[in-house]
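Please find below my note on the model under discussion. The points are numbered for ease of reply.

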Amino acid sequence: MGKSGHRIFRVFGIDVYLHYSWWFIFILVAYQLATDYFPTYYGGFSSNGYWLLGVGAAVLLFVSILLHELSHSLVANMRKLKVEKIMLFFFGGVASIPQEDVEPVTEFWMALAGPLFSLAFGGFLYLIHVTATSVPVIAITGYLWTLNVGVALFNLVPAYPLDGGRVFRALLMFYYKDITVATRIASKGGRGFGGALAIMGVLTLFAGA
């Protein structure tokens, strides 16, 4: 993991790495927010003001993704499962768990922890959004609560290796008592979902979006 990123800190005994691609995506997201999203929906700010909103929202989006990934690892630790490292990308992460024979119930709750956190955090941000009086706070929380709920719902799709796919695999492991069979079935769903996303992307491109 360390070869494709650099360690940013250590928490709960877990080394957290930042993938090198993070910087590129961060710049793209901040640019899109500062030049398109916030000017479209929230007028009255200067160019510098929009950039402050864009960079701030991008940082907080990454923080929410970081907390999403850490929730997986905390559940793993609670279930006596060692997590050595986490490699963070901008919209997700990969945990390094040396133990392969994970019990289905552990896999189930560990996978479900991330989406549940994102849903709860999205709800918390929504409450701030509808009660705040500061326009910058309203703008940033409005963006973040929808993204967190979107991340949660997307990850609940039963397509491995998304969280929902891992929940599905855990249920298959419980039924078949065979991790190989469970992984093979869950992976077929993942390939099908990936193919559907690719087709949707091509159709959207030809539609002019």
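The points below treat the basis of the model, its domains, its core and one loop residue.

1. This is a predicted model, in which local features need pLDDT of at least 70 and side-chain atom pairs count only at pLDDT 80 or more, while totals for chains, interfaces and linings use all residues. Residues are numbered from 1 along each chain as its sequence is written, and side-chain values use heavy atoms, without hydrogens and water.

2. The protein is divided into domain 1 (5-156) and domain 2 (157-202), with bounds from an automatic or database domain assignment. Their C-alpha centres lie 23 Å apart.

3. Between the two domains there are two salt bridges (a side-chain nitrogen of Lys or Arg within 4 Å of a carboxyl oxygen of Asp or Glu). The side chains of R169 and E107 form a salt bridge at 3.2 Å, N to O.

4. The largest nonpolar core (buried Ala, Val, Leu, Ile, Met, Phe, Trp, Tyr and Cys residues joined through side-chain atoms within 4.5 Å; buried means under 20% relative accessible area) has 36 residues. L33, F38, L88, F90 and Y143 touch the most other members.

5. Beyond its neighbours within four places in sequence, F38 is in contact (heavy atoms within 4.5 Å) with L33, Y50, L53, G54, A57, A139, I140 and Y143.

6. Y160 has a relative accessible area of 23% and is therefore partly exposed (from 20% to 50%). The C-alpha atoms of Y160 and F193, 33 residues apart along the chain, are separated by 9.0 Å.

Conventions
Buried < 20%, exposed > 50% of the residue type's maximum accessible area, 1.4 Å probe, protein only.
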